[in-house]
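Trainee: Could you take me through one part of this model up close? I would like to follow the strands with you, one at a time.

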Amino acid sequence: MAPRENLVGDDGSRVGKKPTKVLKGMPEYFEIREETEQLETDKCPQYLMMNLETSCPFSCKKCAQPGRNREMGQTLSLDERKNILKIAADIGVRELVIIGAGEPTSPKNFKDVVSPVIESTYKEGMGTILFTTAFGINKEQAEFFRDHDVTVLVSLDSLNPNTYRELTWIGKLTRILENIQILRDTYKNTQEILRDGRKLVRLAINVTIQKGNVDELDTVRNFAGDDMQFIANVPMPEGKLRIYRNWSELVGDGNLEIFSRLAAEKSDTGSHSSVAEGTCSYFKRGISIDSDGQFLTCGYASDSAHYLGNVREGLTRQKLLEHYKEMRKKYEEWCQKIRRRPSCPLRDGEYENFIRSLETGIETKE
Ligand SMILES: C[S@@+](CC[C@H](N)C(=O)[O-])C[C@H]1O[C@@H](n2cnc3c(N)ncnc32)[C@H](O)[C@@H]1O
């Protein structure tokens, strides 16, 4: 294998040898399937990010707390969600993304909230991209995910039981590892070789780089092996990481640049899980809706809820498409003003101006 250092350019982006795995549902998967033109990402979204009202048994110090950072309105009903999913499928959305708010595999969350939404998504002909700690995975759940076109990204911030407990509070790493094995066993016959010779996988390991695990990235990467894609992510200053004390403890002054470089170097995608043309596609090629129906710029961007309206204000195909185009326009305007194209607006120093621009137009620091 080529030394990892050789894969990264001066700007931290990926150069050189392509990784050997592609994750189902990600932009490059659609590109390889020659569907890019049909996708027409300028006109219609590829992703629908929906936060669900799931509780969480963990208390991760890093937690960005998507879907929990503001006073929430009434939760969307399953019927309302089915209607959104139908309209999304009609305008060409390919994947539902469930990134927040809590832990989707806890038994009650899975039964009452998550599985009915995934089932409806599947009926509409879309796949689901699911983020989980694997806390509640059992054989039955794993089979349900496999049989309903679910790509599972397991958040695994350490393979050291003490570090894992320190970062997540709950610990229970042995159980988590057993559950990951259940997923691997259940998904083992789902891999395919794509026409460019790379392997299509439907499982991934997702690490958020922090001071406490920065030395473990290669170990976790090796753990991901051949059947799981490996993604290392940079912490975003949302939720609990808005608290300076937590930021200092987990990230620290001056480390963000190092973490960004490591994320580019170690991740199979060279960046976020869904990166395309340098930007996170859940954001740039997607529409996000919070658990109470508020539109967001991304599942994590709670602040944006104050400016973008609610799906309950009358959702049509036309309105959803207009909303999508408007968000892309705002992003392009902001990029022009700040003279760079952040891969993740939330992690950018000018993010607050982006959020304000949703209402007032663009402002930037002098
Ligand atoms: C908020 S969690 C919710 C789903 C599930 N409980 C889990 O941990 O995967 C969704 C994803 O966000 C990531 N995440 C949470 N807080 C973050 C932060 N401050 N910066 C970067 N990623 C974060 C987690 O690692 C996980 O991959």
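Trainee: To begin, which residue in E7 is the bridge partner of Ile193?

Mentor: Happy to walk through it with you, and please keep in mind that this is a predicted model. The partner you are after is Lys199, which sits in E7 across from Ile193. That pair belongs to the contact between E6 and strand E7, residues 199-201, where two bridges hold the strands in the antiparallel sense. Zoom out a little and you will find three strands in an open sheet, ordered E1-E7-E6, with mixed pairing. Strand E1 (21-23) and strand E6 (192-193) are its edge strands, as each of them pairs on one side only. As a general reminder, the strands of a sheet pair through backbone hydrogen bonds, and they can do so in a parallel or an antiparallel way.

Now move along to strand E8, which covers 203-208. E8 is mostly covered, with six of its six residues buried. Its side chains split between two directions: Leu203, Ile205 and Val207 point one way, while Ala204, Asn206 and Thr208 point the other way.

E8 also has pairing partners to look at. Strand E5, residues 150-155, runs parallel to E8 and is joined to it by four bridges. Within that pairing, Val152 stands opposite Leu203 of E8. Strand E9, residues 229-233, pairs with E8 as well, in the parallel sense and over five bridges. Here Val207 has Ala232 in E9 as its bridge partner. To get from E8 to E9, the chain passes through helix H8 (residues 217-224), making a right-handed β-α-β crossover.

E8 matters to our picture of the ligand too. Together with strand E4 (127-132), E8 is a contributor to the shell around the ligand, each strand supplying at least two residues. That shell counts 19 residues, and the closest are Ala64, Phe131, Ser155, Pro235 and Met236. By residue type, the shell holds nine nonpolar, seven polar and three charged residues.

Finally, a word on the annotation. An unreviewed UniProt entry carries the label "domain: Radical SAM core" for residues 40-273. In this model, that span is 38% helix and 15% strand, and its end C-alpha atoms lie 20 Å apart.

Key: Residues are numbered from 1 along each chain as its sequence is written. This is a predicted model: local features need pLDDT of at least 70, side-chain atom pairs count only at pLDDT 80 or more; totals for chains, interfaces and linings use all residues. Two strands pair if DSSP finds at least two bridges between them. A residue is near a molecule or strand if its C-beta atom, placed from the backbone, lies within 6 Å of it. Ala, Val, Leu, Ile, Met, Phe, Trp, Tyr, Cys and Pro count as nonpolar, Asp, Glu, Lys and Arg as charged, and the others, Gly among them, as polar. UniProt positions are given in the numbering used here, feature names are shortened, and annotations may be inferred rather than shown by experiment. A residue is buried if 20 or more other C-beta atoms lie within 10 Å of its own, exposed if 12 or fewer, and partly exposed in between; C-beta atoms are placed from the backbone. A crossover is right-handed if, with the strands pointing away from the viewer, the path from the first strand over the helix to the second runs clockwise.
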